Amino acid sequence: MLKSLTFSLIATIIAVCFISSTQHVFAAYDAFHNVCSLNSSSAVCQDTEPVPTTDPVITLIKAAVEVISFLTGAAAVILIVISGIKFATSGGDSNAVSSAKGTLTYALVGLLIAAVAQLLIVFVLHYIQVS
């Protein structure tokens, strides 16, 4: 029992690390590379204003939000695994089952609050940057 539980925990940790470390793959094909050579009188091709640079403070805040979101997600996954282990090892004890349910509930509520907070911060930063 303990060996299978240990193996499951190690496999879960390895899977989470593998999934969180994958790189995003972007397409290398640029579908719009000849647009201005075909129709140079379009409004898009006439726009020569430089793209505004982002404020370094906003860039720093966005980076901090990404790091905090990653840490919150990792903590939530760990707490969900812990609640699963508590539930699996409860042996029918109602106090242990309720403890596992509480841990799972708090982990999911914390994850939801973190996601909503991240959405609000990104929305406010976008509003500040556009203004």
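**Burial and helix arrangement in a five-helix chain**

Of the 131 residues of the chain, 8% count as buried in this predicted model. The accessible surface amounts to about 10,700 Å², with carbon and sulfur atoms contributing 72% of that area. The secondary structure consists of five helices and zero strands, giving the pattern α-α-α-α-α when read along the sequence. Among contacts between residues at least 6 apart in sequence, 68% join residues at least 24 apart.

Helix α4 spans residues 56-88 and contains 33 residues. The distance from its first C-alpha to its last is 48 Å, close to the 48 Å expected at 1.5 Å a residue. The buried residues of this helix are Ile 58, Val 65, Ala 76 and Ser 83. One of them, Ile 58, has its C-alpha atom 8.0 Å from that of Gln 129, although the two residues are 71 positions apart along the chain. Gln 129 belongs to helix α5, which covers residues 94-130. Gln 129 is classed as partly exposed because its relative accessibility is 31%, and the range for this class lies between 20% and 50%.

The loop between α4 and α5 includes Ser 90. With a relative accessibility of 13%, Ser 90 falls under the 20% limit and therefore counts as buried. The side chain of Ser 90 reaches the backbone oxygen of Phe 87 at 2.9 Å. When residues up to four places away in sequence are not counted, Ser 90 touches Ala 96 and Val 97; both positions fall within the residue range 94-130 of helix α5.

Conventions. Residues numbered from 1 in each chain as written. Predicted model: local features only at pLDDT ≥ 70, side-chain atom pairs only at ≥ 80, totals over all residues. Heavy atoms only, no water. Helix = DSSP H or I, 4+ residues; strand = E, 2+ residues; numbered from the N terminus. Expected span 1.5 Å × (residues − 1). Buried < 20%, exposed > 50% of the residue type's maximum accessible area, 1.4 Å probe, protein only. Polar contact = N/O pair within 3.5 Å; in protein donor to acceptor, adjacent residues only side chain to side chain. Contact = heavy atoms within 4.5 Å. Areas by Shrake-Rupley, 256 points an atom, 1.4 Å probe, with all protein chains shown as cover.
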